[in-house]
Amino acid sequence: MDVIEVTPTPQQYAFTFGGVAPLTRVPPGTALRLWSDDAFSGALRSATDLSAEKVNLNAVNPQTGPFFVEGAEPGDTLALHFVAMEPARDWGASATIPFFGGLTSTDRTATLQAALPDTTWIYELDRARNTVTFAARHGDLRIDLPVEPMLGTVGVAPAGREVRSSLVPDAFGGNMDTPMMRPGATCYLRVNVEGALFSLGDGHYRQGEGEACGTAVEGAMTTTVIVELVKGGASGGGPAWPRIEDDTHWMTVGSSRPLEDAWRIAQTQLVSWFQDLFGLDAMDSYQLLSQITEAPLANVVDVNYSAVVKARKSLVPAAAAYGGLHADLRARAATLR
């Protein structure tokens, strides 16, 4: 397979899901190599750069896309298989932003406390060792951490002609911030509009579950992805919420507030998926998953919180979703040049 390379100009960045004209059209089966800027649009480059001074909040989480997938119709399932994610700069940035994050007052959890200090950390990338270095701002501690690239945002245009900020996760995907969105994974999203209009971005060189302070090691990323389409009618067609499959797990993602409702969405979606995969009654699926699921946090800082519910494939009989599409995409990925 050949790979089509796309590097958008800053003028072509998308900052919403929906409401943006497609960057280009692609047929199903296309392999893309996409460059995406970091969540700050490259504004934080040194530890002395402060978000209040440098970051334009109207230009955060820039997306590469959207891409119009030929033949995609509402109710179909868009499959995005992530072949590779490669840091596109030799540094990543993280920051505590005033009144943003999981352990501070926010506009939604309002208190009379002052904002946490506006602080920036720069993580230098060592490509030979595949590490990024945490350097304490108020001490001498330095720790080399393994690079574990992922995408914070993957999504399609929402239904109902909605236009949603690239800071928002919801049923269309978006800013889910789950470390499960990594190389080797296939993400399944319900198509809501003609062409699907998918975008991606918000590359992270690594991130802990929950993204506690609100920012990961944010970095420009080059992502190789194979685009595929599963046709299906608008009634009962594509998944109601994002699904992720890799070689070891079945996963679903829910986004809402409060956090337990995000978990409930993901849990019920996996119950439904297991009904289809294994021919189970809903109550049997619920009982089985109660004994085997893991529920890592994705984000606890965005407009909606996101939770992942996942089940190990090794604990259940072999099954093939979407006709074994994930395995097929893995095989196709090996042929890329």
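**Cysteines, overall fold and two loop residues**

Cys 213 is partly exposed, with a relative accessible area of 29%. In this predicted model, that places Cys 213 above the 20% under which a residue is called buried. Cys 187, by contrast, is buried, and its relative accessible area is 0%. With a disulfide taken as a pair of cysteine sulfur atoms within 2.5 Å, the count for the model comes to zero.

The surroundings of these cysteines are best read against the chain as a whole. Four helices and 22 strands are found in the chain. The radius of gyration is 19 Å, close to the 20 Å that the globule rule gives for 337 residues, so the chain is as compact as a globular protein of that length. Along the principal axes, the C-alpha trace spans about 55 × 45 × 40 Å. Of the 337 residues, 54% are buried. Among contacts with a separation of 6 or more, 77% join residues that stand 24 or more positions apart.

Turning to the surface, the accessible area of the chain is about 14,300 Å², and carbon and sulfur atoms contribute 52% of it. Charged side chains number 25 positive and 38 negative. The centres of these two sets lie 2 Å apart.

Two loop residues help to show how separate stretches of the chain come together. Val 193 sits in the loop that links strand S15 (186-190) to strand S16 (196-204). Once neighbours within four places in sequence are set aside, Val 193 is in contact with Ala 72, Pro 74, Ala 157 and Pro 158. Ala 262 offers another reference point: 69 residues separate it from Val 193 along the chain, and the two C-alpha atoms are 24 Å apart.

Glu 73 belongs to the loop between strand S5 (63-69) and strand S6 (77-87). Glu 73 is partly exposed, its relative accessible area being 45%, a value that falls between the 20% and 50% cut-offs. Leaving out residues up to four places away in sequence, Glu 73 touches Val 191 and Lys 231. A helpful contrast between sequence and space is given by Asn 56, which is 17 residues from Glu 73 along the chain, while their C-alpha atoms are separated by 35 Å.

Note on methods: Residues are numbered from 1 along each chain as its sequence is written. This is a predicted model: local features need pLDDT of at least 70, side-chain atom pairs count only at pLDDT 80 or more; totals for chains, interfaces and linings use all residues. Side-chain values use heavy atoms; hydrogens and water are left out. The radius of gyration is taken over C-alpha atoms; the globule rule is 2.2 Å times the number of residues to the power 0.38. Buried means under 20% relative accessible area, exposed over 50%, partly exposed in between (1.4 Å probe, protein chains only). Contact means heavy atoms within 4.5 Å. Accessible areas come from the Shrake-Rupley method with a 1.4 Å probe; for residues, only the protein chains shown count as cover. Lys and Arg count as positive and Asp and Glu as negative; His and the chain ends are not counted. The place of a charge is taken as NZ of Lys, CZ of Arg, CG of Asp or CD of Glu.
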